[in-house]
Amino acid sequence: PEVEKTLLESGYSKTWMDRLYDRGVANRLQIGWSAGTFGGDSAIYLRAQYALTEQIALEGNSGFVSGDLGSTQIYHGGILITPWGNSWLSVGGTIGAGVVHVEPSGLLIKVKGGTYPEAHAGIGLSFPLFRNIAARADIRNFTLFMSPERTREFQEYSLGFQFKF
């Protein structure tokens, strides 16, 4: 605020993009990637997170899982709650939902692929490495709703990096 007053008095005025960034994006947006396992198969993820407050953030994930029996694409979002976010080690919990698209390999006979809704919950740790880069580890439990009578559970373990803007 004090720097902005100095700049404004000298004749410089902030553009609407500068003001939008200062109010809506600065120190709120994080993007990252991670790798790990989903149900025992190799997985990679892209993540985006937007902090609503210091303790509550919205998060979106897109993942790809590759295994011997086929491939899986995961798209989900959720709420991330970090009660101790200002310490050197942030611990948080997440809950959310999304969809999982399963595509079996040609080796499997009479196995159908499909897109299934999912719900998940998990915990994670994040610790800073450099100024705006942090390492992140997550454990999540996914429940796939394959039909009204049938569900399957999968565990996800991942480790990656986040970049704060």
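The following paragraphs describe the strand arrangement, the internal cavity and one residue beyond the last strand in a predicted model.

The strands form a closed barrel of eight members, which runs in the order β1-β2-β3-β4-β5-β6-β7-β8 with antiparallel pairing. Within this sheet, neighbouring strands are turned against each other by 25° on average, direction ignored. Strands of a sheet pair through backbone hydrogen bonds, in either a parallel or an antiparallel manner. In the pairing of β2 with β3 (residues 56-67), the antiparallel sense is maintained over ten bridges, and Ala 48 has Gly 60 of β3 as its bridge partner.

Ala 48 also appears in the lining of the largest cavity, together with Gln 30, Ile 31, Gly 32, Arg 47, Gln 49, Glu 59, Arg 136 and Gln 162. The elements that contribute two or more residues to this lining are β1 (29-38) and β2 (41-51). In terms of residue class, the lining divides into two nonpolar, four polar and three charged residues. The volume of the largest cavity is about 30 Å³, and the count of cavities of 30 Å³ or more comes to one.

Outside the barrel strands, Phe 165 is placed in the segment after β8 (150-164). Phe 165 is classed as partly exposed because its relative accessible area is 40%, a value that lies between the limits of 20% for buried and 50% for exposed residues. Phe 165 and Ile 133 are separated by 32 residues in sequence, while the C-alpha to C-alpha distance between Phe 165 and Ile 133 is 9.6 Å.

Note on methods: Residues are numbered from 1 along each chain as its sequence is written. This is a predicted model: local features need pLDDT of at least 70, side-chain atom pairs count only at pLDDT 80 or more; totals for chains, interfaces and linings use all residues. Side-chain values use heavy atoms; hydrogens and water are left out. On a 1 Å grid over the protein atoms alone, a cavity is a set of points where a 1.4 Å probe fits but cannot get out, and a pocket is an open set with protein on both sides within 12 Å along at least five of seven lines; lining residues have an atom within 4 Å of a point. Grid points are joined across faces, edges and corners, and a volume is the space filled by probe spheres set on the points. Helices (H or I, at least four residues) and strands (E, at least two) are DSSP runs, numbered from the N terminus. Ala, Val, Leu, Ile, Met, Phe, Trp, Tyr, Cys and Pro count as nonpolar, Asp, Glu, Lys and Arg as charged, and the others, Gly among them, as polar. Two strands pair if DSSP finds at least two bridges between them. Axes are lines fitted to C-alpha atoms, for helices over the stretch in contact, and angles run from 0 to 180 degrees between N-to-C directions. Buried means under 20% relative accessible area, exposed over 50%, partly exposed in between (1.4 Å probe, protein chains only).
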